[in-house]
Amino acid sequence: MTLLSATGLAVRFGETEVLSGVNFAIGAGEIVTILGPNGSGKSTLLRALIGLQRPSSGRIERAPDLRIGYVPQKLQIDPALPLTVRRFLALPGPVTAADITGALERTAVDHLARRQMAGLSGGQMQRVLLARALLGTPPLLMLDEPTQGLDQIGEAAFYRLIEEVRATTGAAVLMVSHDLHVVMSASDRVVCLNGHVCCEGTPEVISEAPEYRALFGLGTGGTLALYRHLHDHDHDHDHDHDHGHRHRHPHRRPAAEEDAGHG
Ligand SMILES: Nc1ncnc2c1ncn2[C@@H]1O[C@H](COP(=O)(O)OP(=O)(O)O)[C@@H](O)[C@H]1O
Ligand SMILES: [Mg+2]
């Protein structure tokens with residue numbers, strides 16, 4: 001069943017057309033990653049799909065009464081504001097204490113319920129944001145660069161969590177990333193975006209697609225191989241890995257990716 005679709009979608013800001021001719025659909029329970037360089041229109045596409053950004057042309061169709069758990073790319077939380085994790089989850093609306101505990105358990109951060117938001121590590125924060133998006137068990141999650149700022153181990157752990165969430169809740173997940181490796185193998189489908197859809201398909205197909213390689217300036221090195229390598233070694237991924245011990249890896253990350261800023 002299709003939850004959400006866009007046909008011939010275009011978005012312009014003033015004179016600039018940021019998205020054009022985008023056809024996109026996501027079905028129930030699917031994990032789809034939108035991949036593209038900074039400024040390629042990924043966040044704009046998500047916002048248009050949700051209805052936060054008016055398209056200049058095209059059609060968007062949502063399943064009736066579709067609820068979407070959305071984590072925007074930038075979430076401003078005033079570090080001076082005293083706010084516990086539990087309170088943060090209670091803010092959006094009527095939720096019970098049991099709902100909050102359940103959501104935090106789903107993302108394995110229930111032990112952080114009384115902690116201050118401002119004191120969380122990057123990995124903990126991403127899990128708390130995911131827990132918040134899970135409240136009310138929406139059939140569709142939209143996560144805009146959820147692993148921004150995490151290292152590859154942290155990223156791999158987060159994508160594992162996403163797969164778990166899909167398995168337990170059946171939610172479809174639409175994720176955005178400008179990063180390459182880890183993303184791919186967790187996804188059923190990858191959509192490469194650069195103002196328009198350059199290519200789409202399974203991670204295996206995409207990693208070999210010339211459009212994808214051109215988009216990220218990749219040579220012949222396999223990015224999927226890198227992820228599989230990480231996966232093979234059974235590190236303890238269940239804890240935070242964003243506190244500075246970067247995994248040493250024989251394969252250098254592609255320069256294009258290292259240069260990519262966080263847009
Ligand atoms: N509200 C806005 N007004 C004007 N330009 C915008 C607005 N939002 C995004 N843009 C521009 O649209 C382009 C795509 O932005 P965005 O969707 O955020 O890209 P991405 O998420 O892929 O990095 C960028 O050039 C950005 O500067
Ligand atoms: Mg963005």
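Visitor: How many disulfides does the structure hold?

Guide: The structure, which is a predicted model, holds 0 disulfides.

Visitor: What about Cys192, and how far is its sulfur from the closest cysteine sulfur?

Guide: The closest cysteine sulfur to that of Cys192 belongs to Cys199 and lies 3.7 Å away, which is too far for a bond, because a disulfide requires the two sulfur atoms to be within 2.5 Å. Cys192 itself is buried, with a relative accessible area of 0%.

Visitor: And Cys198, how far away is the nearest cysteine sulfur there?

Guide: For Cys198 the nearest cysteine sulfur is again that of Cys199, at 6.1 Å, and Cys198 is in no disulfide. With a relative accessible area of 21%, Cys198 counts as partly exposed, whereas Cys192 is buried.

Visitor: Switching to the metal, which residues coordinate the magnesium ion?

Guide: The magnesium ion, ligand 2, is coordinated by Ser43 through OG and by Gln73 through OE1, at 2.1 to 2.2 Å. Ser43 lies in helix H1 (residues 42-50) and Gln73 in the loop between E5 and helix H2 (85-90), so the pair ties together parts that are 30 residues apart in sequence.

Visitor: Is Gln73 buried or exposed?

Guide: Gln73 is buried, at a relative accessible area of 17%, while Ser43, at 21% relative accessibility, counts as partly exposed. The two values fall on either side of the cut-off, because buried means under 20% relative accessible area.

Visitor: You mentioned E5, so which strand does E5 pair with, and in what sense?

Guide: Strand E5 (residues 68-71) pairs with E6 in the parallel sense, over 4 bridges, and within that pairing Val71 stands opposite Leu143 of E6.

Visitor: What stands opposite Leu143 in E7?

Guide: In E7 the residue opposite Leu143 is Met175. E6 and strand E7 (residues 172-177) also pair in the parallel sense, over 5 bridges.

Visitor: Which helix goes with E6 and E7 in a β-α-β unit, and what is its hand?

Guide: Helix H5 (residues 152-169) joins E6 and E7 in making a β-α-β unit, and that unit is right-handed.

Visitor: Why is E6 said to be largely enclosed?

Guide: Strand E6 spans residues 140-144, and 5 of its 5 residues are buried, so the strand is largely enclosed by the rest of the structure. Both of its faces are covered, with Leu140, Met142 and Asp144 buried on one side and Leu141 and Leu143 buried on the other.

Notes: Residues are numbered from 1 along each chain as its sequence is written. Chains are lettered from A and ligands numbered from 1 in the order in which they are written. This is a predicted model: local features need pLDDT of at least 70, side-chain atom pairs count only at pLDDT 80 or more; totals for chains, interfaces and linings use all residues. Side-chain values use heavy atoms; hydrogens and water are left out. Buried means under 20% relative accessible area, exposed over 50%, partly exposed in between (1.4 Å probe, protein chains only). Helices (H or I, at least four residues) and strands (E, at least two) are DSSP runs, numbered from the N terminus. Two strands pair if DSSP finds at least two bridges between them. A crossover is right-handed if, with the strands pointing away from the viewer, the path from the first strand over the helix to the second runs clockwise. Donors are N, O and S atoms within 2.8 Å of the metal (3.2 Å for Na, K and Ca); water is not among the atoms, so sites may look incomplete.
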